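Q: Got a minute to go through this one with me? I'd like to start with the protein and then move on to the DNA.

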Number of protein chains: 2
Amino acid sequence: MTTYREHLKEQLQDQQFQKAWEETELAYQVARAVIKLRLDYGLTQEELARKTGVPQSVISRLESGRHLPSLRSLEKISKKLGLQIRLDFIPTQAQPRLN
Amino acid sequence: MTTYREHLKEQLQDQQFQKAWEETELAYQVARAVIKLRLDYGLTQEELARKTGVPQSVISRLESGRHLPSLRSLEKISKKLGLQIRLDFIPTQAQPRLN
DNA sequence: TATAAATATAGCAATTTTGCTATAAACAGT
DNA sequence: ACTGTTTATAGCAAAATTGCTATATTTATA
């Protein structure tokens, strides 16, 4: 394979990777937030499911980052724990510490 | 109508109102955030639409709080403006100032 | 009040997420 | 290895959101 084609391929893969990453990035961010939330409360997925009415399969799917959850689901989960969702837009890059 | 029935009715209305409110509350919260975002940038819906690729009709629907937008839509909007979404769970009531 | 600009709404197909039930796979403790 | 517990996956119908085009309504301004 020519160097050119190799380079092209790499670029393509990078782009594909880039795109794939961007598409899953937010899902993972949310996933981590939910996992942290659940663990902070010392709950299993099943327990969180019972407490919030959101089925375990949905919680797992969400925590696995298999797709972007709806705000409705996140709201259901947080409300029953006495929490609310804070959502805002912040400058890119700045990953402010949560604590 | 008896006092009892009146009371029942009021309660029902309260519950219905409560429920309706809770269902739209988050949508309005998000709506306000997007409106603020857009105005901070001094853009019309049409301009924001062009800049982000999210159609004006969708932006209007969202800003009107007609339903809860997907995180994907919010992401599209924010990314093109060099922003990212911050989402976390905070204790209920605490309405922390954004500035 | 006429006109233009901005925003809201309508209706509908396509896409995405949910909710369900069941089961598989991973993990922990003995 | 065996058992129980926890998490991940599958597949599919129902529900919700998007994206589109067109149009109505509201708002601002001359």
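Q: What share of the residues of chain A count as buried?
A: This is a predicted model, and in it 34% of the 99 residues of chain A count as buried.

Q: And how many helices and strands does chain A have?
A: Four helices and one strand. Reading from the N terminus, the order is α-α-α-α-β.

Q: How much accessible surface does chain A have?
A: About 6700 Å², and carbon and sulfur atoms account for 51% of that.

Q: OK, switching to the DNA. How many residues surround DNA strand D?
A: There are 19 of them. The closest are Gln45(A), Arg61(B), His67(B), Ser73(B) and Lys76(B).

Q: What's the mix by class?
A: Ten polar, five charged and four nonpolar residues make up the surface near DNA strand D.

Q: Which helix gives the most to that surface?
A: Helix 3 of chain A, with four residues. From chain B, helix 3 (56-63) and helix 4 (71-79) each supply at least two.

Q: Which side chains have polar atoms by a phosphate oxygen of DNA strand D?
A: Lys76(B) is one, with a side-chain N or O atom 2.3 Å from a phosphate oxygen. Arg38(A) is another, at 3.1 Å.

Q: What about Arg61(B), what does its side chain lie by?
A: A base nitrogen: a polar side-chain atom of Arg61(B) is 2.9 Å from one in DNA strand D.

Q: Overall, what percentage of the strand D atoms within 4 Å of the protein is sugar or phosphate?
A: 60%, and the rest belong to bases.

Technical notes. Residues are numbered from 1 along each chain as its sequence is written. Chains are lettered from A and ligands numbered from 1 in the order in which they are written. This is a predicted model: local features need pLDDT of at least 70, side-chain atom pairs count only at pLDDT 80 or more; totals for chains, interfaces and linings use all residues. Side-chain values use heavy atoms; hydrogens and water are left out. A residue is near a molecule or strand if one of its heavy atoms lies within 4 Å of it. A polar contact is a pair of N or O atoms within 3.5 Å; within protein, one must be able to donate a hydrogen and the other to accept it, and residues adjacent in sequence count only if both atoms are side-chain atoms. Ala, Val, Leu, Ile, Met, Phe, Trp, Tyr, Cys and Pro count as nonpolar, Asp, Glu, Lys and Arg as charged, and the others, Gly among them, as polar. Buried means under 20% relative accessible area, exposed over 50%, partly exposed in between (1.4 Å probe, protein chains only). Accessible areas come from the Shrake-Rupley method with a 1.4 Å probe; for residues, only the protein chains shown count as cover.
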